[in-house]
Amino acid sequence: MESTKPQLALIGGGKMGRALVQGMIDAGFTTADRVTVGDRNTDSQAWWKQNVPQAKVTADSKTAVEAADVVLLAIKPHGVPAVVAELKRTARKSLLISVAAGIQLGTLVRQFGCSRVVRVMPNTPSLVGAGASAYCCGDDVSSEDAAYVDGMLSSVGKAFRVDDKLMDAVTGVSGSGPAYVCMIIEALADGGVLSGLPRDLAMQLATQTVLGTATLIQQTGSHPAVLKDAVASPGGTTIAGIAALERGGLRNTLISAVQAAALRGEELGKG
C-alpha cells in the first residue's frame, strides 16, 4: 500500500460514505482522483458525478475494488452478506474497512476469510471535520494499516482505537448521537419560539449554544457538571430550567437512548 494516497474503493456511496470520503478529500487526506465509488443506486451515482466529478463511479463493485489498496464498506448491516459474496476474492488483497453497524470484527474476518480487516464507527459530522470515530483491528492489520485508518478518521475529526466489544457502545453514543443532539437543538429552538422568539433566531441561538458549550467542555477539560453549576445561580433562571429537565427525565431518557441503540447494534450483528 502506498504511504501517501492509496487507491480507495468506496462500496456504498450513501450518506455515511459521502460524509467520510468527502471529508477526507476536503481535509487533503486523499484526492478525488484516487477514489472509485461502487454503487448500483442511480441517484447515488448521480450525486457523486455532480459533486465529486473527479472520482470514478461505477455500478460494478468488483470493478471498483480491482485496483484498490483500501476498500471502505459503507453499507447497511443487511447488505454485508451480499457484498461479501460478490467481493470476497477480489477484495481480500486490500485493507478492508467496514462501517456496517453491529457487524462484529470476528464476523467480518470469518466472512471475508482474512484478518486484514478494520471495523469502524464514524458519524456524520465527519463531513465538516468534526467527527467522533472509533475503530478496532483484525490480527493481520499492520501498524501501517492502523496508522492509515487512524489518519483517515483523524482527518475528519477525532479517532479512538478500542476493543471490538466496545463498538456497540460507541454506536450508541457517537454513531447515533448526532440524531439526539439534533433533537435537543430542535427542542431548544421550539422552546424559544414558544417564548416569543422568531424561528430563525431561536434556531441560531440554540445551535450556537450547543456548539459553544461543547467547545468550552473540550477546550477547558472541565466536567459538564462544573460548567452547569457555574451557570446555575441560587434561585435563578437556569436552576428553574434544570428542575424542569429533571422532572421530564432528560438524563435518564438520554442514557436509555444510548443503551437502546447499543443493544440494537448488538442485535444487528447477530442477524
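The sulfur of Cys136 lies 7.0 Å from the closest cysteine sulfur, that of Cys137, which is too far for a bond. This is a predicted model. A search of the whole structure finds 0 disulfides. An open sheet of 8 strands and a nonpolar core of 30 residues are the other main topics, followed by a helix pair, H7 and H8.

**Cysteines**
- A disulfide is a covalent bond between the sulfur atoms of two cysteines.
- The cut-off for a disulfide is 2.5 Å between sulfur atoms, so the 7.0 Å from Cys136 to Cys137 is too far.
- Cys136 is buried, and its relative accessible area is 2%.

**Sheet**
- The strand order is E3-E2-E1-E4-E5-E6-E7-E8, and the pairing is mixed.
- Strand E3 (56-58) and strand E8 (157-161) are the edges, each pairing on one side only.
- From one strand to the next, the twist averages 20°.
- Strand E4 (residues 70-73) pairs with strand E5 (residues 95-98) in the parallel sense, over 4 bridges.
- Val70 has Leu95 of E5 as its bridge partner.

**Nonpolar cores**
- In soluble globular proteins, nonpolar side chains tend to be buried together.
- The largest nonpolar core here has 30 residues.
- Ile97, Val118, Tyr148 and Val149 have the most contacts inside this core.
- At least two core residues come from each of strand E1 (8-11), helix H1 (15-27), strand E2 (35-38), E4, E5, strand E6 (117-121), strand E7 (131-137) and helix H6 (143-154).
- H6 gives the most to this core, with 5 residues.
- Another core, of 28 residues, lies apart from the largest one; among its members are Val83, Leu105, Cys136 and Val170.
- Beyond its neighbours within four places in sequence, Val118 is in contact with Leu95, Leu96, Ile97, Ser98, Leu105, Tyr135, Cys136, Cys137, Val141 and Val149.
- Val118 belongs to the 30-residue core, yet its contacts include Leu105 and Cys136, which sit in the 28-residue core.

**Helix packing**
- Two packed helices are described by the angle between their axes and the distance between the axes.
- Helix H7 (residues 167-175) packs against helix H8 (residues 177-194) at an angle of about 30°.
- Their axes are 5 Å apart.
- Angles under 35 degrees count as roughly parallel, and H7 and H8 are therefore roughly parallel to each other.
- On the H7 side, Gly172, Val173, Ser174 and Gly175 make the contact.
- On the H8 side, the contact is made by Gly177, Pro178 and Tyr180.

Definitions and conventions. Residues are numbered from 1 along each chain as its sequence is written. This is a predicted model: local features need pLDDT of at least 70, side-chain atom pairs count only at pLDDT 80 or more; totals for chains, interfaces and linings use all residues. Side-chain values use heavy atoms; hydrogens and water are left out. Two strands pair if DSSP finds at least two bridges between them. Axes are lines fitted to C-alpha atoms, for helices over the stretch in contact, and angles run from 0 to 180 degrees between N-to-C directions. Buried means under 20% relative accessible area, exposed over 50%, partly exposed in between (1.4 Å probe, protein chains only). A nonpolar core is a set of buried Ala, Val, Leu, Ile, Met, Phe, Trp, Tyr and Cys residues joined through side-chain atoms within 4.5 Å. Contact means heavy atoms within 4.5 Å. Angles under 35 degrees count as roughly parallel, over 145 as roughly antiparallel, 65 to 115 as roughly perpendicular and the rest as oblique.
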